[in-house]
Amino acid sequence: MNSANERASFSQRLQQALKNAHYSPDSPTRLAREFNVRFDGRPITVHAARKWLVGEAIPTQEKLRMIATWLGVAAEWLRFGGPELAAPAGQSHSGLARFESADVRLIADLQRLDEHHRQIAREFIRMLVRLAYQK
C-alpha cells in the first residue's frame, strides 16, 4: 500500500474509533484538546489533528498508542487495519482510565479554582472514593 493510501486508511480508522467512542470525527479542535489532556508529551496543534483526520499524516508511534488507549482500540488496528480489536484489558496510558468529555471539563474547572478550593475539591473526591470502596 502506498503512503497516501496508508494515511487515508488510518484517517478512516481514526474517524471510526472516534465515532465509536462518541466523539465527533469532524472537529480537529476537539481532537487536539482531548488528545492534549491525556498525552504526557509535547502537545499537538489543531493543524496536526486536522492532518490526521483528513489523511495527510499519521501520528508517531507514541501518540498513536495513546490515541488507541484513549479510544479503546488496539494500536495495531488503528495503524494498520485488519479485524477491529479492543485494546487489551488493563492497557491504559499512564495507568489512567479514559476520560470522558465531562471529566475533561471538570478538570478544567478545577484548574480555575484557587489553591484552597482545589484542595477542598481533591479531599472531597478522595472521601467519595474511600466511601465507594468501603461498600
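**Figure 1. Contacts and overall make-up of the chain.** Of the contacts in the chain with a separation of 6 or more, 51% are between residues 24 or more positions apart. The model shown is predicted. Its secondary structure consists of 7 helices and 0 strands, and the order of elements from the N terminus is α-α-α-α-α-α-α. The chain has 135 residues, of which 30% are buried. About 8,600 Å² of the chain is exposed, with carbon and sulfur atoms supplying 55% of this area.

**Figure 2. The aromatic pair of Phe 35 and Trp 52.** The count of aromatic pairs comes to 3. One of them joins Phe 35 and Trp 52 in an edge-to-face arrangement, with 5.5 Å from centre to centre and 75 degrees between the planes. Phe 35 belongs to helix H2 (residues 28-38) and Trp 52 to helix H3 (residues 46-54), so the pair ties together parts that are 17 residues apart in sequence. Phe 35 has a relative accessible area of 0% and is therefore buried. Trp 52, at 4% relative accessibility, also counts as buried, because the cut-off for burial is under 20% relative accessible area.

**Figure 3. The aromatic cluster around the pair.** Phe 39 joins Phe 35 and Trp 52 in one aromatic cluster. Within this cluster, Phe 35 is contributed by helix H2, and Trp 52 is contributed by helix H3. Both the phenylalanine at position 35 and the tryptophan at position 52 are buried.

**Figure 4. Trp 70 in helix H4.** Trp 70 is located in helix H4, which covers residues 61-71. Its relative accessibility is 3%, so Trp 70 counts as buried. Ala 17 is separated from Trp 70 by 53 residues in sequence, while the C-alpha atoms of the two residues are 9.8 Å apart in space.

**Figure 5. Helix H7 and its start.** Helix H7 comprises 20 residues (residues 115-134). At 1.5 Å a residue, H7 should span 28 Å, and the C-alpha atoms at its ends are 29 Å apart, which agrees with that expectation. The expected value is 28 Å because the rise is multiplied by one less than the number of residues. At the start of H7, Asp 114 extends a side-chain oxygen to within 3.1 Å of the backbone nitrogen of His 116. This distance satisfies the polar-contact cut-off, because such a pair of N or O atoms must lie within 3.5 Å.

Methods:
Residues are numbered from 1 along each chain as its sequence is written. This is a predicted model: local features need pLDDT of at least 70, side-chain atom pairs count only at pLDDT 80 or more; totals for chains, interfaces and linings use all residues. Side-chain values use heavy atoms; hydrogens and water are left out. Helices (H or I, at least four residues) and strands (E, at least two) are DSSP runs, numbered from the N terminus. A polar contact is a pair of N or O atoms within 3.5 Å; within protein, one must be able to donate a hydrogen and the other to accept it, and residues adjacent in sequence count only if both atoms are side-chain atoms. Buried means under 20% relative accessible area, exposed over 50%, partly exposed in between (1.4 Å probe, protein chains only). Contact means heavy atoms within 4.5 Å. Accessible areas come from the Shrake-Rupley method with a 1.4 Å probe; for residues, only the protein chains shown count as cover. Rings of Phe, Tyr and Trp (its six-membered ring) pair if their centres lie within 6.5 Å; planes under 30 degrees apart count as stacked, over 60 as edge-to-face and the rest as tilted.
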